[in-house]
Amino acid sequence: MIYITVKFTVRPERADDWLELVDGFTRATRSEPGNLFFEWSRSVDDPQQFILVEAFRDADAGREHVESEHFRVAMEDMSYAIATRPQIVSAEIPGMDGWGEMGETAPREA
């Protein structure tokens, strides 16, 4: 599995419409056969910062993603809304195929 986390800091005037701006990109990526998950979160400390957590089946699926037309269009569209160059962590995790369960805690009856 290729696991990627990207931190986007967007311009203040674009922060409230960021998720709308990336909606088409999000839907297109989620429909890729090699995509395992593609999830956005907004920072609780900085309202201009969004975190993208994504994973792809393998390196081929990741390559197909970055070579796609929707990726090219999204990078162009995002360039007008970001305040800084995004920061990324990307790693290959052998033997994983998505989220696993955390062992240290589980739901209990209230």
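## The sheet and its strand pairing

Eight bridges connect β1 with β3, and these two strands run antiparallel. The model in which this pairing appears is a predicted one. Within it, β3 also pairs with β2, again in the antiparallel sense, over seven bridges, and a hairpin of six residues leads from β2 to β3. Taken as a whole, the sheet is open and consists of four strands in the order β2-β3-β1-β4, with antiparallel pairing. Its edges are formed by β2 and β4 (residues 87–92), each of which pairs on one side only, and from one strand to the next the twist averages 10°.

Individual bridge partners help to place the register of these strands. On the β1–β3 side, where the two strands are joined by eight bridges, Y3 has A55 of β3 as its bridge partner. A55 is likewise the bridge partner of F37 in β3, while R42 is partnered by F50 of β3. As for the side chains, those of a regular strand alternate between the two faces of the sheet.

Is β3 largely enclosed or left open by the rest of the structure? Seven of its eight residues are buried, so β3 is largely enclosed by what surrounds it.

## The nonpolar core

The largest nonpolar core has 20 residues, and those that touch the most other members are F8, W18, F25, W40, L52 and M78. At least two residues of this core come from each of β1, β2, β3 (residues 49–56) and α4, and β1 gives the largest share, with four residues.

W40 shows in detail how one of these residues is surrounded. When its neighbours within four places in sequence are set aside, W40 is in contact with F8, W18, L19, V22, T26, F50, I51, L52 and M78. Several of these partners, including F8, W18, L52 and M78, are themselves among the residues that touch the most other core members.

## Helix α4 and its buried face

Helix α4 spans residues 69–79, and F71, A74 and M78 are buried in it. Viewed down the helix axis, these buried residues fall within an arc of 65°, so they line one face of α4. That face packs against elements from several parts of the chain, namely β1 (residues 2–9), α1 (18–21), α2 (23–30), β2 (35–42) and α3 (59–66). M78 therefore has two roles to note in this description, being one of the buried residues of α4 that lie on one face and one of the residues that touch the most other members of the largest nonpolar core.

## Helices α2 and α3

In α2, the buried residues are F25, T26, A28 and T29, and the elements that cover them include β2, β3, α3 and α4. Two of these residues also appear in the core description: F25 is among the members that touch the most others, and T26 is one of the contacts of W40.

Helix α3 packs on the sheet, where it touches β1, β2 and β3, and its direction makes about 130° with that of β3. Its buried residues are A61, G62 and H65. These cover an arc of only 100° around the axis, which puts them on the same side of α3, and they pack against α2, β2, β3 and α4.

## Salt bridges

How many salt bridges does a search of the whole structure find? The search finds six, and three of them can be described here by their residues. One joins D17 to R14, with the closest N and O atoms 3.3 Å apart. Both partners count as partly exposed, D17 because its relative accessibility is 28% and R14 because its relative accessible area is 23%.

The other two lie within helices. In α3, the side chains of D60 and R63 meet in a salt bridge with an N to O distance of 2.8 Å, and because these residues are three apart in the helix, about one helical turn separates them. D60 is partly exposed at a relative accessible area of 38%, and R63 is partly exposed as well, at 40% relative accessibility. In α4, E69 forms a salt bridge with R72, the closest N and O atoms being 2.5 Å apart; these two residues are also three apart, or about one turn of the helix.

Definitions and conventions:
Residues numbered from 1 in each chain as written. Predicted model: local features only at pLDDT ≥ 70, side-chain atom pairs only at ≥ 80, totals over all residues. Heavy atoms only, no water. Buried < 20%, exposed > 50% of the residue type's maximum accessible area, 1.4 Å probe, protein only. Arc of directions from axis to C-beta. Contact = heavy atoms within 4.5 Å. Core = buried A, V, L, I, M, F, W, Y, C linked by side-chain atoms within 4.5 Å. Pairing = 2+ DSSP bridges. Axes fitted to C-alpha atoms, helices over the stretch in contact; angles between N-to-C directions. Salt bridge = Lys/Arg side-chain N within 4 Å of Asp/Glu carboxyl O.
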